[in-house]
Amino acid sequence: MLTPIAYGLAIVLNLFVVYIGARFLFAPQAAAAGYGVPGKKDGDGAYLTIKGLRDGTYGLLGLALLAFAGARAEAWYMLVVALLPLGDTLIVLRNGGSRAVAFGVHFATAVVVLINAALLFAV
């Protein structure tokens with residue numbers, strides 16, 4: 001019973017990161033606002049594109065690890081990649097974003113990713 005939950009959550013999390021990356025590539029201003037720190041209309045295009053590429057690549061890498069290397073490799077990946085939403089929490093707080101977004105989105109994501117890592121280690 002634990003295996004389908006661990007794998008299912010990993011797939012959902014990785015697909016969600018791919019979606020976030022695509023959103024930063026195709027609707028960067030809306031994605032930045034959803035991130036918690038709105039982008040500047042004329043000055044952040046390159047950075048928002050970089051974020052889109054980073055997130056999309058991380059999501060695809062997670063899916064590839066799960067498919068070709070297995071649960072243990074994915075667990076280590078999730079453990080390390082949890083640093084990103086923790087960092088995002090600090091970025092939102094340091095740049096005047098709302099605490100609700102910082103903790104309700106980014107910190108909560110880090111917690112879910114860490115739970116998924118624990119589930120994958122247990123498989």
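How are helix 1 and helix 6 oriented to each other? In this predicted model, local features require pLDDT of at least 70 and side-chain atom pairs count only at pLDDT 80 or more, whereas totals for chains, interfaces and linings use all residues. Residues are numbered from 1 along each chain as its sequence is written, and side-chain values use heavy atoms, with hydrogens and water left out.

Helix 1 (residues 2-26) packs against helix 6 (residues 99-122) at an angle of about 140°, the axes lying 9 Å apart; helices are DSSP runs (H or I, at least four residues) numbered from the N terminus, and axes are lines fitted to C-alpha atoms over the stretch in contact, with angles running from 0 to 180 degrees between N-to-C directions. The two helices are therefore oblique to each other, a class left over once angles under 35 degrees (roughly parallel), over 145 (roughly antiparallel) and 65 to 115 (roughly perpendicular) are set aside. On the helix 1 side, Leu2, Ile5, Ala6, Tyr7, Leu9, Ala10 and Leu13 meet Val112, Val113, Asn116, Leu119, Leu120 and Ala122 of helix 6, where contact means heavy atoms within 4.5 Å.

The largest nonpolar core, a set of buried Ala, Val, Leu, Ile, Met, Phe, Trp, Tyr and Cys residues joined through side-chain atoms within 4.5 Å (buried: under 20% relative accessible area, 1.4 Å probe, protein chains only), has 13 residues, and Ala10, Leu13, Val113 and Leu120 are among those with the most contacts inside it. Helix 1, helix 4 (71-81) and helix 6 each give two or more residues to this core, with helix 4 giving the most, five residues.

How values were computed
Buried means under 20% relative accessible area, exposed over 50%, partly exposed in between (1.4 Å probe, protein chains only).
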